[in-house]
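The exercises below ask you to read a model step by step, with the sequence and the coordinates side by side. Please try each task before turning to its solution.

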Amino acid sequence: MKVPATLILLAVMALPASASEIPLPRPKPGLPALEPLAVAMVPLPRKKPGAPVAEEGEPFTTNPGRIDWPDNLASWSKKEVGAARAECVALLGELAVDWSPVAPIGGPGRCGMAAPIEVRSIAGTDIKPPANLNCRTVAALHHWIATELQPAAKKKLGVRVASIRNASSYACRRRNNSRSGKISEHAFGNAFDMSDFEFAGGKQASVAGDWRGLFQFAGLSKRGGFLREIRQAACKHFTTVLGPGSDSSHGDHFHVDLAKRRSGYRICK
Ligand SMILES: [Zn+2]
């Protein structure tokens with residue numbers, strides 16, 4: 001449709017008047033108007049983890065100086081506690097972990113941890129109930145959850161893992177709750193037991209219920225396949241991985257730990 005020349009002329013004449021009503025000059029016509037919105041939509045730099053900042057409802061914090069370490073040293077020296085805490089900040093400083101410091105427990109050569117932490121979420125995956133662990137174990141869990149567990153859940157089941165059921169974390173006890181024998185890695189916060197993996201949406205894979213069975217044996221259980229994959233992958237991140245079939249004590253959960261062995265030997269069975 002042809003626009004009458006008089007209408008075009010009127011429109012052009014109206015331009016300066018309407019432009020003069022705009023309070024601020026627009027150096028880049030079209031773009032500046034978007035700037036306030038664009039700034040508002042750019043996500044703020046993600047805070048680094050460390051201690052939680054409750055007042056902001058933000059699970060991660062960036063400033064290790066804000067970590068409110070308890071004063072109590074238990075039977076540890078100030079140097080040992082300081083070194084363990086510095087290691088925590090170094091290990092967890094860049095990881096998505098929601099944690100709080102806990103007072104030192106026990107002392108060298110026996111049950112305890114120089115820098116225990118309570119961990120509520122690792123790599124966006126809730127730990128239920130929260131676990132008391134040392135920071136090396138939490139860092140290893142983070143790497144396993146982020147690079148193995150969540151990708152396996154997505155690939156095998158098309159979902160993400162919302163939470164992991166904590167079956168045992170720190171516990172001053174001997175292996176397999178025996179009355180004699182070696183002290184468990186749990187007694188150093190160096191081990192974590194998991195019994196169930198709850199998916200977003202509410203379903204779950206349980207070690208007790210989804211490991212054994214005809215479907216699992218035939219490789220037809222997706223949840224069974226998921227459990228097998230994450231258990232096998234845990235051997236890359238931990239020095240000990242146990243579960244159903246390892247022994248009579250691990251039929252209903254996976255145990256992972258960071259036991260130190262002189263030869264670098266790993267137990268993955
Ligand atoms: Zn265990």
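**Exercise 1. The overall inventory**

How many helices and how many strands are there in the protein chain?

Solution. Before counting, note that this is a predicted model, in which local features need pLDDT of at least 70 and side-chain atom pairs count only at pLDDT 80 or more, while totals for chains, interfaces and linings use all residues. Residues are numbered from 1 along each chain as its sequence is written. Helices are DSSP runs of H or I with at least four residues, strands are DSSP runs of E with at least two, and both are numbered from the N terminus. On that basis the protein chain has seven helices and eleven strands. Of its 269 residues, 30% are buried, where buried requires 20 or more other C-beta atoms within 10 Å of the residue's own, exposed means 12 or fewer, partly exposed lies in between, and C-beta atoms are placed from the backbone. Contacts are counted when two C-beta atoms, placed from the backbone, lie within 7 Å; among those in the protein chain with a separation of 6 or more, 54% are between residues 24 or more positions apart.

**Exercise 2. Two helix pairs**

Determine how α4 is oriented against α7 and against α3, and list the residues that meet.

Solution. Start with the axes, which are lines fitted to C-alpha atoms, for helices over the stretch in contact, with angles running from 0 to 180 degrees between N-to-C directions. The axes of α4 (residues 135-157) and α7 (residues 222-234) come within 9 Å and cross at roughly 160 degrees. This makes α4 roughly antiparallel to α7, because angles over 145 degrees count as roughly antiparallel, under 35 as roughly parallel, 65 to 115 as roughly perpendicular and the rest as oblique.

Next, list the partners: W144, E148, L149, A152, A153, K156 and L157 in α4 meet K222, G225, F226, E229, I230, A233 and A234 in α7. By class, this contact of α4 with α7 has nine nonpolar, one polar and four charged residues, where Ala, Val, Leu, Ile, Met, Phe, Trp, Tyr, Cys and Pro count as nonpolar, Asp, Glu, Lys and Arg as charged, and the others, Gly among them, as polar.

Now repeat the procedure for α3, whose axis comes within 9 Å of that of α4 and crosses it at roughly 10 degrees. The two helices α3 and α4 are therefore roughly parallel to each other. Here E87, C88, L91 and L92 in α3 meet C135, R136, V138 and A139 in α4, and the contact of α3 with α4 has six nonpolar, no polar and two charged residues.

**Exercise 3. Following the strand pairings**

Trace the pairings from β4 through β5 and β6 to β7, and then find which further strands pair with β7.

Solution. Two strands pair if DSSP finds at least two bridges between them. First, β4 and β5 run antiparallel and are joined by five bridges, with I122 opposite T125 in β5. They form a hairpin with two residues between them, and A123 in the turn has a positive phi of about 50 degrees.

Second, β5 runs parallel to β6, to which it is joined by three bridges, and K128 has R165 as its bridge partner in β6. The peptide bond from K128 to P129 is cis, with omega near -15 degrees, and P129 lies in β5 (residues 125-133).

Third, β6 (residues 161-168) and β7 (residues 191-199) run antiparallel with five bridges between them, S163 having E198 as its partner in β7. Finally, β7 pairs in the antiparallel sense with β10 (residues 254-257) over four bridges and with β8 (residues 204-206) over three. D193 stands opposite H255 in β10, whereas D196 stands opposite S206 in β8.

**Exercise 4. The surroundings of R120**

Which residues are in contact with R120, leaving aside its neighbours within four places in sequence?

Solution. Locate R120 in β4 (residues 117-122), and then read off its contacts, which are D98, W99, D126, I127 and P130. Although R120 and W99 are 21 residues apart along the chain, their C-alpha atoms are separated by 5.9 Å. To finish, R120 is partly exposed, because 17 other C-beta atoms lie within 10 Å.
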